[in-house]
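Colleague: I would like to learn how to read a model like this one. Could we take it feature by feature?

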Amino acid sequence: MDFLTLFLIYLGFILTTVALLCVCSGRKESFLTRSVNGASQVLSFVIPTQLQRVTQRALHRLFHTRSCLFVALHVALQAAVYGEYTWEVFVYCWELQFHLLLLLLPYLLLAGNMGCFILCSRANPGIITKSNHASLVKIYAYDGVLFQKGVVCPTCNMEKPARSKHCSFCSMCVHRFDHHCVWVNNCIGAFNAKYFLLYLFSLAATAAAIATITAAFLIQVVLLSNMMHGSYIDEQGQERAVEILFLVQHLFLTFPRVVFMLGFVILLTLVLGAYCCFNLYLALTNRTSNEWYKSRRYRCSHHLTLQPHDRQVVYKNIYSKGVWMNLKEIFKPPTVLERKKTT
Ligand SMILES: [Zn+2]
Ligand SMILES: [Zn+2]
């Protein structure tokens with residue numbers, strides 16, 4: 001397989017991963033979803049109705065109902081990365097006398113990540129039932145903008161407590177709803193937000209650790225081979241000094257799977273790092289992804305053609321109690337008793 005073929009496969013894989021991450025961000029009205037809807041409308045003129053129905057049903061099952069597909073994909077990707085790390089990077093690094101503790105770090109992070117994953121996916125996110133509704137409705141005040149008193153969930157047939165939302169994937173109302181995460185196959189709410197935050201940070205740290213060790217290994221290979229000071233004969237038969245592009249191409253052809261994995265984990269580190277920062281910002285300001293998404297509408301209300309009364313609405317986050325207390329709230333969600341004490 002030549003460099004171009006490998007590079008095209010690699011690019012396709014990266015683009016598919018980015019597309020999957022975008023689709024799975026939990027936003028029904030994401031740019032990608034709108035694009036897919038637009039494309040399907042155009043294709044509906046040429047594709048038979050029967051096939052359209054089957055595709056729609058399959059897409060609905062994949063992206064709008066609870067399924068283990070993304071959990072399986074998650075496990076498969078992790079197994080592929082760790083398989084490659086163990087069979088190639090670990091062995092080469094061990095021969096190059098890398099410190100054992102450094103080489104074992106990704107496994108320790110994996111153990112922590114798996115623990116957080118299990119806790120996050122198995123925990124009750126804050127399901128609102130008839131028995132706990134009366135106490136949950138007293139925990140947060142209605143802000144009158146994003147959450148209005150007296151709004152009833154038509155599916156659960158209960159008044160929606162402030163900060164709650166009905167999840168169409170799980171078909172239930174969730175207390176302090178953040179979003180539905182397909183990667184853990186569970187809603188993220190008041191009671192598992194802490195596990196989700198730890199899960200995200202451990203996953204980003206895992207990707208960053210593997211990326212750093214793999215990059216250190218490849219740099220070591222280049223330094224030991226003294227390739228940087230060498231030269232090569234190009235297609236025109238001229239002698240040229242080795243430059244970065246040549247080095248990347250050489251490494252790609254010598255260690256294709258290692259370089260492929262490095263690109264993937266670097267991409268993951270960047271995407272997860274950015275998502276971790278966003279979630280940390282939400283935690284420190286005591287907002288949920290759902291509230292952040294909804295509040296954007298009110299901030300930009302003067303740009304939109306809304307009803308005249310909507311133009312006057314200014315959103316203010318009434319739930320923030322300072323950075324430290326906000327962070328504490330993620331790890332120790334307030335109960336009715338605590339709220340009574342503070343009021
Ligand atoms: Zn509901
Ligand atoms: Zn859900």
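Colleague: Which residues of H9 are buried?
Modeller: This is a predicted model, so keep that in mind throughout. A residue counts as buried if 20 or more other C-beta atoms lie within 10 Å of its own. In H9 the buried set is Val258, Val259, Met261, Leu262, Phe264, Val265, Leu268, Thr269, Leu272, Leu282 and Ala283.

Colleague: Where does Leu270 fall on that scale?
Modeller: Leu270 is found in H9 too. Leu270 has 14 C-beta neighbours inside 10 Å, so it counts as partly exposed. Its C-alpha lies 8.7 Å from that of Ala208, and the two residues are 62 apart in sequence.

Colleague: How do I check the length of a helix such as H9?
Modeller: Compare its span with the one expected at 1.5 Å a residue. H9 covers residues 256–284, which is 29 residues. From first C-alpha to last it reaches 42 Å, close to the expected 42 Å.

Colleague: What span should H7 have?
Modeller: H7 has 33 residues, so at 1.5 Å a residue it should span 48 Å. Its end C-alpha atoms are 48 Å apart, which agrees.

Colleague: What comes just after each of these helices?
Modeller: Look at phi there. Most residues other than glycine have a negative phi. Just after H9, Asn286 takes a positive phi of about 55°. Just after H7, Asn226 takes a positive phi of about 60°.

Colleague: Which loop residues have a positive phi?
Modeller: Asn157 is one of them, with phi near 60°. Another is Arg163, with phi near 75°. Asn157 sits in the loop between strand E1 (152–153) and strand E2 (158–159). Arg163 is in the loop between E2 and strand E3 (165–167).

Colleague: Are Asn157 and Arg163 buried or exposed?
Modeller: Count the C-beta neighbours again. Asn157 has 8 inside 10 Å, so it counts as exposed. Arg163 has 27 inside 10 Å and therefore counts as buried.

Colleague: How do I describe two packed helices?
Modeller: Two packed helices are described by the angle between their axes and the distance between the axes. Take H4 and H9. Their axes come within 10 Å and cross at roughly 135°. That angle makes H4 oblique to H9. The crossing is left-handed.

Colleague: Which residues meet where H4 and H9 pack?
Modeller: On the H4 side they are Val81, Glu84, Glu88 and Val89. On the H9 side they are Arg257, Val258, Met261 and Val265. Of these H9 residues, Val258, Met261 and Val265 are buried.

Colleague: What about H5 and H7: how do their axes cross?
Modeller: The axes of H5 and H7 come within 8 Å and cross at roughly 160°. Angles over 145 degrees count as roughly antiparallel, and so H5 is roughly antiparallel to H7. H5 passes H7 in a left-handed crossing. From H5 the contact includes Leu102, Leu109, Cys116 and Cys120. From H7 it includes Phe196, Tyr199, Ala209 and Ile210.

Colleague: Which residues touch the most other members of the largest nonpolar core?
Modeller: Think of a core as a network of buried nonpolar residues joined by contacts. The largest one here has 47 residues. Cys120, Phe196, Tyr199, Leu200, Ala207, Ile210 and Val265 touch the most other members. The elements giving two or more residues are helix H4 (69–95), helix H5 (100–122), strand E4 (172–174), strand E6 (186–188), helix H7 (193–225) and H9. H7 gives the most, with 14 residues.

Colleague: What does Phe196 touch?
Modeller: Leave out residues up to four places away in sequence. Phe196 then touches Cys120, Cys181 and Ile188.

Colleague: And at the surface, what does Ser231 touch?
Modeller: Ser231 is in strand E7, residues 231–233. It has 11 other C-beta atoms within 10 Å, so it is exposed. Ser231 touches Glu239, Arg240, Ala241 and Val242, again without residues up to four places away. Ser231 and Val242 are eleven residues apart along the chain, yet their C-alpha atoms are separated by 5.1 Å.

Colleague: How many helices and strands does the whole protein have?
Modeller: It has 13 helices and eight strands. Buried residues make up 23% of its 343 residues. Now take contacts between residues at least 6 apart in sequence: 65% join residues at least 24 apart.

Definitions and conventions
Residues numbered from 1 in each chain as written. Chains lettered and ligands numbered in written order. Predicted model: local features only at pLDDT ≥ 70, side-chain atom pairs only at ≥ 80, totals over all residues. Helix = DSSP H or I, 4+ residues; strand = E, 2+ residues; numbered from the N terminus. Buried ≥ 20, exposed ≤ 12 C-beta atoms within 10 Å, placed from the backbone. Expected span 1.5 Å × (residues − 1). Contact = placed C-beta atoms within 7 Å. Core = buried A, V, L, I, M, F, W, Y, C linked by C-beta atoms within 7 Å. Axes fitted to C-alpha atoms, helices over the stretch in contact; angles between N-to-C directions. Parallel < 35°, antiparallel > 145°, perpendicular 65-115°, else oblique. Left-handed = near helix turned anticlockwise from the far one by under 90°.
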